[in-house]
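I opened this notebook to work through the strands, the helices packed on them and the contact between chains. The model is loaded first, and the entries follow in the order in which I looked things up.

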Amino acid sequence: MSNPLKDIKDISKEIYEKILKKKLPSLNMPIRSLQNVSYDPKVGYFEMIGKAKERTLAASTIKTFAQSLRMMSLSKELIETDDIATKRETYYVSKNWGEARFHEQPESDTVMDDIEAMLMVNREQIGFIPEEKGGDVAGRLVVIDKDQETNKELRIDCTKFGSGAYSIPASVEHLKFETDAKFILAIETAGMFQRLVKHKYWQKANCILISMGGVPTRACRRFIRRLSDERKLPVYVFVDCDPYGIGNIYRTLKVGSGNAAHINKFFCVPQAKYLGVTPQDIIDYNLPTHPLLEIDVKKIKDLLKNDPFILHYKEWQQALKQLDSMKKRAEQQALAKWGLNFVIEKYLPDKLKNPKTWLP
Amino acid sequence: MVQKTLVEELKKGKTADENEIKEDSKLRSTDDSSKAKAHEMAKLQREIGVAEFFAKNRHLLGFDNKRKALLTTVKEAVDNSLDACEEAAILPEISVEMVDMGNDRFRVIVEDNGPGIVKKQIPNIFAKLLYGSKFHRLRMSRGQQGIGISASVMYSQLTTGKASKIVSKIHPKEPANYYELQIDTQKNKPEILKEATLDWNKEHGTRIELDLEGTYQKGTQSVDQYLKQTAIVNPHVTIIYTTPKAEQIIFPRATEILPKIPHEIKPHPYGVELGVLIQMLKNTQTKTLQQFFGDEFSRVGPGAAKQICEIARLLPKTRPSEVTIEMADRLIQAIKETKIIAPPTDCISPIGAELLEKGLKKEINAEFYCSVTRPPEVYRGNPFIIEAALAYGGEQEKEVPMNILRYANRVPLLFQQGACATTKAVQQTNWRSYGLSQSSGAVPVGPITLVVHMASVWVPFTSESKEAIAHYPEIIKEIRLAIQECGRKLGMYMAKKKLIGDEFKKRSYIEIYIPHVADALKELIGLKEKDKEQVELNLHEILEKKRGKLDKLEFDASKNAEFDEEFAKIGKEIEKEVKEEVKEEIKKLKGEKDEYQDRLD
């Protein structure tokens, strides 16, 4: 593992020495976007291709240059005192920085992401944590955690939350797992997760259910990855059939994002498979649909043109074109048209038996 | 030549009237009653004297109101004095005195050190309209028509009944001639009331004293302003001016060098119109067409003359008197197709870009000046030169329309700005591209003063009072080109200023964050306060090195050594008072409105 504290100090010293020699100081950071990633299925995730941006004494970058140094200083203090700050707290800390303060939290988040990317670490490693929830888990899994006070081992049985669920923590590196489940089912919506939990689908199918609640958080991605890697479990993804479900939720879970490409290596699940809902399912199951919105059509075009993952798979290009030509989208819960438990009794068993209907 | 034609019309007036009467009676000879009426009417028809005409239409000569009458009188006298001095190569020293006689009456005394006027000419020059030396010559001068000063004499006699008193002396050893003159307005002839010789303690010169009805006001369009503006473009002139309030203002000469004496020229073929050509063909003494073109025009050599004839399919030996209208038309076409050198320009004496700019600097404390003298151009065969100068920024007011100072043959034009070709050209110029704001087709708004001078052997004015230059396309075009040349320089200055302004803004912006960089580094690597200060110092130095030295374009009021504050104030005093008056007026109106509102409530 890298040593972010040392990196922060080294970078700072380098800048200081440059200034002493009266040379232009600067910070170089990777560009965080799809333009700066490539996809190779052998690697399994989006890799950065080395495009960088410079922050220095220029009118356009001086403010973020100062802010980055300020935030590096905050991070150094957090690591040294073994403390943490949430993204929101960090934003409030900046209010002490006079003219260099952030006006809105997104500005602060951006600088934070840039520092992460520059140091090639996950934000938790430099003392910053998100407010977001990791995701919910139910099923045949025992999570082994530690008591926050006594450091004693804690065994959490994910079958014993009744109608509730185990909540994935912000940091998952220390967790251990015991399970006899056959697969992991990652679900987009809390609603569908509730239905499957209610009817103890995890028992019927001998699996672990994870609710992602939209685009999976880093913790959620890392949790699924570690669980899958360590217990050799396949991961099936069950999302809405629309460009968002495919291009944002599934793609980010499987290969990571352009925005946080520096950590994709750890925060992705390359073995994930797209179980449904596929565009073909809309036809096969005669699902009720909504028309594609203008924003959906745009997103499809963008995916087909710019997303290295989609560009790699003909199957995905065909599926997206099919969606585009149907001009329709369908939600997971549209399956309820055939009965509330149609998804449990018919759809999921059918799909699991038929890997040919999946998408890569 | 608007005024020329009007004047000619007036001279011809009689014959045209008589012809009409004859035709009238012929047409109606069958009807006896109408015939009688016609005869009755014919009795009423009679010649209108030129003087009589102008006595009734005094506004045509610049005597529309009392205030303007005073200015016009001073202007005509001063213009004549300057013309005379320059023609005689004498550095002009002119004294202008106005005495308030009460009851809206003023005595105007203008005295010069010119060559003087020979005895027998004095009555005609001062008391006969349309008598002068300048009308028939193609040479640059202030006066053109021979109306101005006699019109003042006439106005004086019409409003006060007094005679004008003239003293003129042509040689130190001869006595001065003294005249008291009026005009016989019906006959347009001088009436000599008194004639004498006297001793005058002056080597040579002329002095005129006339009483007239007038109003004296300071401010724009005042005698003060006229004399000041005259001084600006005539730096070789000394004017000693005594106002009716007995204040004495001296405009001393700034140079001992007289403007080059302009030569007289013949018309240039370009721009000569058919009618004029026919007239010239009729009047010429020459025997052949080739001679005619060579002798009566400037810049036409034997080659060019032959070529014109050839293109017009006429023999060079054709007698001018045999040229028909149709042939003359072909000649006009041929002239257009023949390459002829531009007219000689020694007939015009421009002020010069440098002097124009210097004058402007004296009047206005600005941050940027530029000036240009255009090459000579021709309109209707008359050569002319346009000069322009502008002053931008500094102490000038920002949200006002451009201040335009117009000159024609070194005479300031104070009235009828809206009707002037200069204004037209200003409006046609796109000032926005030079960084000023301008609504389409209007005079631009901004802290800017523009000077335009037209020098020509014949400046076409829109009226006899010589207040605005007529809208000849060639003239407007040249003015526009001169303005554009200045405008481009201004545009470059404005762009540079903006660049520096932007750069300055960027730099200050970057400098805001330098302490934050230093603070963060201090925390990151545990610097001491002293080291942190060094970091800040170095960062400022690095910034300076990276972005280069910053030029200063800020306005410095003390930079302009030419600027003369006292001088600049002349002619502007009243504006403040007027503003106060306007404010009072507005206050009053508001009060009335409130009262009205109260009553409504």
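The entries below go from confidence to sheets, helices and the contact between the chains.

**Entry 1: ground rules and confidence**

I noted first that this is a predicted model, in which local features need pLDDT of at least 70, side-chain atom pairs count only at pLDDT 80 or more, and totals for chains, interfaces and linings use all residues. Residues are numbered from 1 along each chain as its sequence is written, while chains are lettered from A and ligands numbered from 1 in the order in which they are written.

I looked up the overall scores and found ipTM 0.80 and pTM 0.63. For chain B the average pLDDT (the predictor's confidence in each residue, from 0 to 100) is 83, and 87% of the residues score at least 70. Where in chain B is confidence lowest, and where highest? The lowest mean, 47, belongs to helix α1 (residues 2–27) of chain B, and the highest, 94, to β2(B). Over residues 1–7 of chain B the pLDDT is below 50, and beyond near neighbours in sequence this stretch has twelve contacts in the model; I take two residues to be in contact if their C-beta atoms, placed from the backbone, lie within 7 Å. Residues 13–25 of chain B also stay under 50, with eight contacts beyond four places in sequence. I kept in mind that where pLDDT is low, the predicted coordinates should not be read in detail.

**Entry 2: chain B in outline**

I counted elements as DSSP runs, numbered from the N terminus, with helices being H or I of at least four residues and strands E of at least two; on that basis chain B has 17 helices and 14 strands. Of its 601 residues, 42% count as buried, a residue being buried if 20 or more other C-beta atoms, placed from the backbone, lie within 10 Å of its own. Among contacts in chain B between residues at least 6 apart in sequence, 72% join residues at least 24 apart.

**Entry 3: the eight-stranded sheet of chain B**

I traced an open sheet with mixed pairing and the order β5-β4-β3-β6-β2-β1-β7-β8 in chain B, where two strands pair if DSSP finds at least two bridges between them. Because β5 (189–198) and β8 (248–251) of chain B each have a single partner strand, they stand at the edges, and one side of each is left without a neighbour in the sheet. From one strand to the next the twist averages 15°.

At the β5(B) edge, strand β4 (residues 176–184) of chain B pairs with β5(B) in the antiparallel sense over nine bridges, and there Tyr178(B) has Ala196(B) as its bridge partner. Further along, β1(B) is antiparallel to β2(B) over seven bridges, with Glu97(B) opposite Ile109(B), but parallel to strand β7 (residues 238–242) of chain B over five bridges, where Glu93(B) is partnered by Thr238(B). The hairpin of β1(B) and β2(B) has two residues between the strands, and Asn103(B) takes a positive phi near 55° in it.

I then checked the helices against this sheet, with axes as lines fitted to C-alpha atoms, for helices over the stretch in contact, and angles from 0 to 180 degrees between N-to-C directions. Helix α4 (residues 66–87) of chain B lies across β1, β2 and β6 of chain B and runs at about 10° to β2(B). Helix α6 (residues 148–160) of chain B lies across β2, β3, β4 and β6 of chain B, at about 35° to β6(B).

**Entry 4: strand β12 of chain B**

Strand β12 (residues 403–408) of chain B runs parallel to β14 (residues 448–456) of chain B, joined by six bridges, and Ile404(B) stands opposite Leu450(B). Its pairing with β13 (residues 411–413) of chain B is antiparallel, over three bridges, with Arg406(B) partnered by Leu413(B).

**Entry 5: the contact between chains**

How many residues does each chain give to the contact? Chain A gives 25 and chain B gives 19. On the side of chain A, the elements that give two or more residues are α1 (4–20) and α2 (62–80) of chain A, and α2(A) supplies the largest share, nine residues.

Key
Buried ≥ 20, exposed ≤ 12 C-beta atoms within 10 Å, placed from the backbone.
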